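Q: Please take a close look at one loop and follow it outwards to the parts of the chain that it joins. I would like each criterion spelled out where it is first used.

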Amino acid sequence: MGMLIDGVWRHNTDRFLKGGAFKRETSELLSPTPRVVADRLQAEASSVSLIVSQSCPWSHRTTLVRALKGLGDVTVAVASGPRSEGYSVSEFSEADTGEIPIQYVHQFYSATKRTYTGRATVPLLWDHSARTILCNSSAIIARALDQVGTGWRLAPASVTAEIDQLNARIYNGLANAVYRAGFATAQKAHAEAIADVFTTLDWLETQLSQRRCLVGNQITEADLFLFATLVRFDSVYAPLFRCTRRRLADYPVLWAYARDLYAWPGIAGTFDSKANLEGYFRNDTDTNPHKIVPELPDLDWKAPHGRERLGKLTIWHNGTLVPFDHFWEADHAACL
């Protein structure tokens, strides 16, 4: 691991462990509101790049929203490779960054704030015109992407409060809890995280047994956020983070729900299984120092899920719920 201290990259330095427990730090960069970010994207999307990693579920949240919204004008750059100085990037010229050659994600942070101290995380939106980070909060970026344009919403005002509650519960009990389990260096901290992970999975198994999505049969942001964790569970979080009590495939309802989402238009194209494994097992050398990629069970993500029996998928469009299959337009696939 490593981080920036007063704008300078320091190897083997981090502040995420406290008493053997993983504590995720918040960024010291101020985050604009989703509306401010959305307005910037609508005004000049071609001047903003979304920087992501294939192995980062927080990044995946944003690319899932981008895919379903059909926002091909928002370009994506993928950070990848060994974490010699955190995430590396190779798609930015000096003209893009104000005569500052960018090789690593942390350089976006020091270019934005010369004395930045903290972890250099993705996703982030880089504003080429202002030569600064527009936003580095996955939740705000996802919500902003949803607010671009008119028509339909993944987080409509009528259910925003419910979505926010779901997102918070799933983040605390599952999405961040798997990292608390994987990065723990004390048995007690690991056990506490594991308890949260499987309590939350058990709750989700019950919640989704009589409904197609987290909010009734309505496709929302909460489903995409959950999917970004579920799609990595059996391949990464079980073997690498030692979340082995049960697999996703051992939950009949959740496993079918995950396959249902995977079948939605555009979703499968946002996930590169090989790049995801490379990112976690070969590049995250702190948790897997020998870079060994294990043999994984053969799971068929395209197998019939049978959840049509719970009703048709719907989506919020121009003030009302409409069938999702009637709404989807083929030209949305151009952004994938």
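A: At 36% relative accessibility, Lys291 counts as partly exposed, a class that lies between buried (under 20% relative accessible area) and exposed (over 50%), with a 1.4 Å probe and protein chains only. The model is predicted, so local features are taken at pLDDT of at least 70 and side-chain atom pairs at 80 or more, while totals for chains, interfaces and linings use all residues. Numbering runs from 1 along each chain as its sequence is written, and side-chain values rest on heavy atoms, without hydrogens or water.

Lys291 is not a glycine, yet its phi is positive, near 60 degrees. Most residues other than glycine have a negative phi, and most peptide bonds are trans. The loop that holds Lys291 runs between helix 11 and strand 10, where helices (H or I, at least four residues) and strands (E, at least two) are DSSP runs numbered from the N terminus.

On one side of this loop is helix 11, which spans residues 273-283 and has Asn276, Leu277, Gly279, Tyr280, Phe281 and Asn283 as its buried residues. The cover over these buried residues includes helix 2 (57-69), helix 7 (177-183) and helix 9 (221-237), with contact meaning heavy atoms within 4.5 Å. At the start of helix 11, the backbone nitrogen of Lys274 has a side-chain oxygen of Asp272 within 3.2 Å.

On the other side of the loop, strand 10 (residues 314-317) pairs with strand 9 in the antiparallel sense over 2 bridges, and two strands pair if DSSP finds at least two bridges between them. Within this pairing, His317 in strand 10 stands opposite Trp152. The open sheet is formed by 3 strands in the order 9-10-11, with antiparallel pairing. Strand 9 (152-153) and strand 11 (320-323) each have a single partner strand and stand at the edges, so one side of each lacks a neighbour in the sheet.

Lys291 can be set beside Asp6, another residue other than glycine with a positive phi, here about 50 degrees. Asp6 is found in the loop between strand 1 (2-5) and strand 2 (8-11), and at a relative accessible area of 51% Asp6 is exposed. A further backbone feature is the cis peptide bond from Val122 to Pro123, whose omega is near 5 degrees; Pro123 has its place in the loop between helix 4 (105-112) and strand 7 (124-127).

For a residue in a helix rather than a loop, consider Arg143, which is part of helix 5 (residues 138-147). Arg143 is buried, since its relative accessible area is 14%. Leaving aside residues up to four places away in sequence, Arg143 touches Pro34, Ala155, Thr160, Ile163, Asp164, Asn167 and Glu221. With Glu221, the side chain of Arg143 also makes a polar contact of 2.8 Å, the term standing for a pair of N or O atoms within 3.5 Å, of which, within protein, one must be able to donate a hydrogen and the other to accept it, residues adjacent in sequence counting only if both atoms are side-chain atoms.

To return to the loop in question, Lys291 combines a positive phi with partial exposure, and its loop links helix 11 to strand 10.
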